[in-house]
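Biologist: I would like a close look at a single part of this protein, its largest nonpolar core, together with whatever surrounds that part. Please take me through it slowly and in one connected account.

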Amino acid sequence: MQPIIAFDINKGGAGKSTTAFHVAHHLARDHTVLVIDLDSQAGITSRMLGKGFKVDMSTADVLLGEAQLVDAVYPRLPVLGSPSLLPSHRSLGWAAAKMQA
């Protein structure tokens with residue numbers, strides 16, 4: 001089984017996204033890395049895909065069963081130290097509420 005590293009704290013501004021971004025890029029130099037953005041603010045997604053990004057599928061779609069994980073992942077870019085990404089979207093908050101209902 002491959003190791004899983006998670007950055008989670010319920011306080012905003014603690015540096016989770018920044019830390020996860022840098023750790024993922026560092027590990028991707030020598031390993032296959034998948035970043036899963038589970039923040040409805042999509043901080044890591046925005047940082048990796050650029051401002052004004054648009055995604056066809058996101059973590060919300062996967063969690064709701066509307067997309068397969070393999071189809072929603074943005075593959076590793078051909079740049080050294082670039083991880084793959086399962087992007088987030090602002091609809092993630094709505095998806096979480098729907099899952100709790």
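Modeller: What follows goes from the whole chain to the core, and then on to the loop and the pocket. The model is a predicted one, and its chain holds 5 helices and 2 strands, which run α-β-α-α-α-β-α from the N terminus on. Of the 101 residues of the chain, 29% count as buried, and among the contacts between residues at least 6 apart in sequence, 61% join residues at least 24 apart. The chain exposes about 7,100 Å², of which carbon and sulfur atoms supply 56%.

Now to the core itself. The largest nonpolar core has 9 residues in all, namely Ala20, Phe21, Ala24, Ala28, Val33, Val35, Ile44, Met48 and Leu85. Two helices, H1 and H2 (43-49), each supply at least two residues of this core, and the largest share, 3 residues, comes from H1. In soluble globular proteins, nonpolar side chains tend to be buried together. Met48, a member of this core, shows how parts of the chain that are distant in sequence meet here: leaving aside neighbours within four places in sequence, Met48 is in contact with Phe21, His25, Val35, Pro83, Ser84 and Leu85. Among these partners, Phe21, Val35 and Leu85 also belong to the core.

The loop between E1 and H2 deserves a careful look as well, since Ala42 lies in it. Phi of Ala42 is near 55°, a positive value in a residue other than glycine. Most residues other than glycine have a negative phi. Ala42 also counts as buried, because its relative accessibility is 4%, which is to be set against a cut-off of under 20%.

Finally, there is the largest pocket, whose volume is about 1,100 Å³. Its lining is made up of 29 residues, and Ile5, Ala6, Leu34, Val35 and Ile36 are those that lie nearest its centre. Val35 thus links the two descriptions, as a residue of the pocket lining and as a member of the nonpolar core. Helix H1 (16-27) and strand E1 (34-36) each supply at least two residues of the lining, and the largest share, 6 residues, comes from H1, the helix that also gives the core its largest share. By residue type, the lining of this pocket divides into 17 nonpolar, 7 polar and 5 charged residues.

Technical notes
Residues are numbered from 1 along each chain as its sequence is written. This is a predicted model: local features need pLDDT of at least 70, side-chain atom pairs count only at pLDDT 80 or more; totals for chains, interfaces and linings use all residues. Side-chain values use heavy atoms; hydrogens and water are left out. On a 1 Å grid over the protein atoms alone, a cavity is a set of points where a 1.4 Å probe fits but cannot get out, and a pocket is an open set with protein on both sides within 12 Å along at least five of seven lines; lining residues have an atom within 4 Å of a point. Grid points are joined across faces, edges and corners, and a volume is the space filled by probe spheres set on the points. Helices (H or I, at least four residues) and strands (E, at least two) are DSSP runs, numbered from the N terminus. Ala, Val, Leu, Ile, Met, Phe, Trp, Tyr, Cys and Pro count as nonpolar, Asp, Glu, Lys and Arg as charged, and the others, Gly among them, as polar. A nonpolar core is a set of buried Ala, Val, Leu, Ile, Met, Phe, Trp, Tyr and Cys residues joined through side-chain atoms within 4.5 Å. Buried means under 20% relative accessible area, exposed over 50%, partly exposed in between (1.4 Å probe, protein chains only). Contact means heavy atoms within 4.5 Å. Accessible areas come from the Shrake-Rupley method with a 1.4 Å probe; for residues, only the protein chains shown count as cover.
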